[in-house]
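Student: I would like to learn how to read a model like this one, feature by feature. Could we look at it together?

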Amino acid sequence: MRARTGQILRSSTRRDGRRRRAVSAAAALAFGVMTLGVLAPPAASESAAPAAAAAGPATVQRALNTLVRDDGMPAALASVKDRNGRTRTYTAGVGDLTTGSEVPRDGQVRIGSNTKAFTAVVVLQLVGEGKIDLEAFVDTYLPGLVRGKGIDGSRITVRQLLQHTSGLPDYGVHLDDDEIRNRYFEPRELLDLALDHPADAEPGETWGYSNTNYVLAGLIVQKVTGRPLAEEMDRRVIQRIGLRHTYFPAPGEMTVREPHPRGYHRSPQDGPLRDFTEMDPSAGWAAGQLISTNSDLNRFFTALLAGRLLPAAQLAEMRTTVPAGTSGLRYGLGLTSRPLSCGGVYWGHGGDIAGYETRGGATDDGRAANVAVTSIPTDEAAARHVGEAVDTALCG
């Protein structure tokens, strides 16, 4: 949930002290974008081609080995698809620190804020169907619900929710790791927690990552369709493009259904690794609850860019971005673009939730790569290395 630019809940624009707290409390919710200040790709060499093919197996494996050996990740997994559709999967480390078992190839992981891209797709499908208007105010769909100090749902648009320009405070930074782990949250509880705090900014004034935006987006989906968000997401996205290993955990479901590496979390960030594999993900909901695999994420982002999930007009809206940090990251409507060392950008999102971090996306020419590690990095070097692993996979 957290933005990594927020690890779980934090956004890269927040001060270091708040970021440290986010790594713990928000960590369980990290739904995020990566720490913006450390995501710049390595500088392109003189020989780098603007349209490089996906990386060779050895370079990707070395990148994962570095994450385990140098950065202390218990495990690292990757799935890489070249522009011809050929996919390779990779693993490093161990799947269980207690037993030393192997990492399941392309195992399921909690994907945190990648969920936001799925939620945004559902909203934009409803926009295409004429059931939601991006320029309509939140009060149009949830009258009187969003009120607080400097907060007024009659002044915040649906577009501003999806693009994190609403100014709404982030509920995630006010949650405790162990509370998140064991407690079931109703979406309205998450919203109420946010509304106990003043607005971060005026609507439309600035970009600021907030999981609260996507809780509201999910509530709007439910109000408009009359159906649970999980059902709409499954019908409109997951089943539609055949994501066989992706699902929205049911209320009270704390385990991961299919083969998976165990996820570990440090709280505080200099404390020992604790097994956080089993947890209640409801604090993420529309902002960060999904479970998936690297290969399914590649399929999702590739299908999205290819126009298989949205009409052209809504996909263009999703890809209309604003600056979000200092390393070239830009944020659209639930979709980010990041520069590549070999030229161009890739489109994705990224996510953290206690125990797991995922980064990756797809390019317009059909390449795709996603990398997962089984602990949220707690220092800038490790966070940077995850981003570099994605760049290596896409650029070689």
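Student: Let me start with a single residue: in which loop is His164 found?

Tutor: Before the answer, please keep in mind that this is a predicted model. His164 is found in the loop that runs between α5 (158-163) and α6 (177-182).

Student: What is the phi of His164, and is the residue buried or exposed?

Tutor: His164 has a positive phi of about 60 degrees although it is not a glycine. Its relative accessible area is 0%, and since buried means under 20%, His164 is therefore buried.

Student: Which helix holds Trp285, and what is the phi of that residue?

Tutor: Trp285 lies in helix α10, and its phi is positive at about 40 degrees, although Trp285 is not a glycine either. With a relative accessible area of 9%, Trp285 is buried.

Student: Now the backbone between residues: what is the peptide bond from Ser267 to Pro268, cis or trans?

Tutor: That peptide bond, from Ser267 to Pro268, is cis, with omega near 5 degrees. As for its place in the chain, Pro268 lies in the loop between β6 (264-266) and β7.

Student: Where is Ser282 found, and what is it in contact with?

Tutor: Ser282 is found in the loop that links β7 (273-275) to α10 (285-288). If one leaves aside neighbours within four places in sequence, Ser282 is in contact with Arg183, Tyr184, Phe185, Leu190 and Gln289. The relative accessible area of Ser282 is 3%, so this residue counts as buried.

Student: Leu190 makes me think of helix packing; how are two packed helices described?

Tutor: In general, two packed helices are described by the angle between their axes and the distance between the axes. In this structure, helix α7 (residues 187-195) packs with helix α8 (residues 211-225) at an angle of about 140 degrees, and their axes are 10 Å apart. Because angles count as roughly antiparallel over 145 degrees and as roughly perpendicular from 65 to 115, α7 and α8 are oblique to each other. The crossing in which α7 passes α8 is left-handed.

Student: Which residues make that contact, and how do they divide into nonpolar, polar and charged?

Tutor: From α7 the contact is made by Pro187, Arg188, Leu190, Leu191 and Ala194, and from α8 by Thr212, Val215, Leu216 and Leu219. The residues of this contact of α7 with α8 divide into seven nonpolar, one polar and one charged.

Student: Is Arg236 buried or exposed, and which residues does it touch?

Tutor: Arg236, which is found in helix α9 (residues 229-238), counts as buried at 8% relative accessibility. Not counting residues up to four places away in sequence, Arg236 touches Val122, Gln125, Leu126, Glu129, Lys131 and Leu309. The C-alpha atoms of Arg236 and Val122 are separated by 6.8 Å, although these residues are 114 residues apart along the chain.

Student: To place these cases in the whole chain, how many helices and strands does the chain have, and what share of its residues is buried?

Tutor: The chain has 13 helices and 15 strands, and 61% of its 396 residues are buried. Of the contacts in the chain with a separation of 6 or more, 71% are accounted for by residues 24 or more positions apart. The accessible surface of the chain comes to about 13800 Å², and 49% of that surface belongs to carbon and sulfur atoms.

Notes. Residues numbered from 1 in each chain as written. Predicted model: local features only at pLDDT ≥ 70, side-chain atom pairs only at ≥ 80, totals over all residues. Heavy atoms only, no water. Helix = DSSP H or I, 4+ residues; strand = E, 2+ residues; numbered from the N terminus. Buried < 20%, exposed > 50% of the residue type's maximum accessible area, 1.4 Å probe, protein only. Contact = heavy atoms within 4.5 Å. Areas by Shrake-Rupley, 256 points an atom, 1.4 Å probe, with all protein chains shown as cover. Axes fitted to C-alpha atoms, helices over the stretch in contact; angles between N-to-C directions. Parallel < 35°, antiparallel > 145°, perpendicular 65-115°, else oblique. Left-handed = near helix turned anticlockwise from the far one by under 90°. Nonpolar A, V, L, I, M, F, W, Y, C, P; charged D, E, K, R; others polar.
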